[in-house]
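Hi,

Here is the structure I promised to pass on. Have a look at it first, and then read my notes underneath.

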Amino acid sequence: MTKSKLYTPLKIGSMEVKNRVMMAPMSTGFEPADGSLSEPIINYWVERAKGGVGLIIIGAVTIDSEVPYQTPQTISLGEDKFIPGFKELTDRCHAYGAKVMPQIAYMGAESCNPWFKGIEAVGPSSYVNAQGFQCREMRLDEIPPIIKKYGETALRAKKAGCDGVQVHCACVYDARCLPLPSAKQANRQIRRQLRQSSETCFRGHSRNSLCRR
Ligand SMILES: Cc1cc2nc3c(=O)[nH]c(=O)nc-3n(C[C@H](O)[C@H](O)[C@H](O)COP(=O)(O)O)c2cc1C
């Protein structure tokens with residue numbers, strides 16, 4: 001019997017994934033409100049690693065603990081204190097041969113800040129978000145610190161033993177809205193980004209200033 005291609009290794013940049021079974025980024029509802037990785041949520045992914053998944057992407061990890069996602073339960077890698085939790089997660093998943101990548105994001109316009117903290121959500125343009133809140137257009141001077149946070153978060157992921165990071169560019173998270181020269185080039189660049197592992201991001205060969213961090 002021939003082996004299904006699904007169970008053959010795949011190289012993404014310099015990272016080799018043991019098979020092509022990949023867990024898409026998904027917020028689970030197990031996320032604790034303090035942004036940490038609790039035992040139940042770590043176990044949730046370890047079970048997937050045990051089951052044979054080649055690459056696990058940890059959905060919606062904020063680069064700024066003060067800017068959570070659409071609920072206050074948002075995993076954070078925005079501070080060094082979250083590194084040990086991620087280290088435990090990656091060590092335990094690595095024990096089963098799975099690779100682990102957090103999907104990092106600045107929640108920006110989609111943050112629940114207005115609702116839970118009374119803080120204005122800030123996005124690339126003024127916009128009414130999914131919860132019906134009007135977000136404020138970001139000032140130019142607010143952009144570089146956010147780009148810096150992406151870099152710092154990627155470094156924390158590396159310190160925690162993660163195999164890379166996925167930059168969340170879907171929806172209206174701010175990374176998607178960073179200007180690119182043309183739609184055609186954007187498509188090419190996004191395709192290239194998808195092909196690249198985050199180890200490549202760490203080395204700084206990826207799409208934009210955010211990845212160069
Ligand atoms: C409960 C749930 C949570 C999700 N959370 C995220 C997320 O945090 N980040 C993301 O990029 N996509 C998220 N998604 C989208 C999934 O990663 C995936 O793209 C989507 O479910 C389509 O894949 P499918 O057709 O295999 O279901 C989520 C999907 C579900 C069902």
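Before the ligand, one bit of wording: a residue counts as near a molecule if its C-beta atom, placed from the backbone, lies within 6 Å of it. Also keep in mind that this is a predicted model.

With that cut-off, there are 9 residues around the ligand, and Ala24, Pro25, Met26, Gly59 and Ala60 come nearest. Sorted by class, the shell has 5 nonpolar and 4 polar residues, with no charged residues.

Now the sheet. It is an open one made of 4 strands, in the order S3-S4-S5-S9, and the pairing is parallel. Strand S3 (22-23) and strand S9 (166-167) sit at the edges with a single partner strand each, so one side of each has no neighbour in the sheet.

S4 and S5 are joined by 6 bridges and run parallel. If you want a place to start looking, Leu55 stands opposite Lys99 in S5. To get from S4 to S5 the chain goes through H2, and this β-α-β crossover is right-handed. On to S9: here 2 bridges make the link to S5, again with the strands running parallel. Ile104 has Val167 as its bridge partner in S9.

So how buried is S5? Of its 7 residues, 7 are buried, so S5 is largely enclosed by the rest of the structure. Both of its faces are covered: Lys99, Met101, Gln103 and Ala105 are buried on one side, and Val100, Pro102 and Ile104 are buried on the other.

That brings me to the core. In soluble globular proteins, nonpolar side chains tend to be buried together. The largest nonpolar core in this model has 37 residues, and Ile56, Phe86, Cys93, Val100 and Ile104 are those with the most contacts inside it. Two or more residues each come from helix H1 (39-50), strand S4 (55-62), helix H2 (83-94), strand S5 (99-105) and helix H4 (143-159). S4 gives the largest share, 6 residues.

Ile104 is worth clicking on. Leaving out residues up to four places away in sequence, Ile104 touches Val61, Ile63, Leu77, Tyr150, Thr153, Ala154, Val165, Val167 and His168. Val167 in that list is also the bridge partner of Ile104 in S9.

Cheers

Notes. Residues numbered from 1 in each chain as written. Predicted model: local features only at pLDDT ≥ 70, side-chain atom pairs only at ≥ 80, totals over all residues. Core = buried A, V, L, I, M, F, W, Y, C linked by C-beta atoms within 7 Å. Buried ≥ 20, exposed ≤ 12 C-beta atoms within 10 Å, placed from the backbone. Contact = placed C-beta atoms within 7 Å. Nonpolar A, V, L, I, M, F, W, Y, C, P; charged D, E, K, R; others polar. Pairing = 2+ DSSP bridges. Right-handed = clockwise from strand over helix to strand, strands pointing away.
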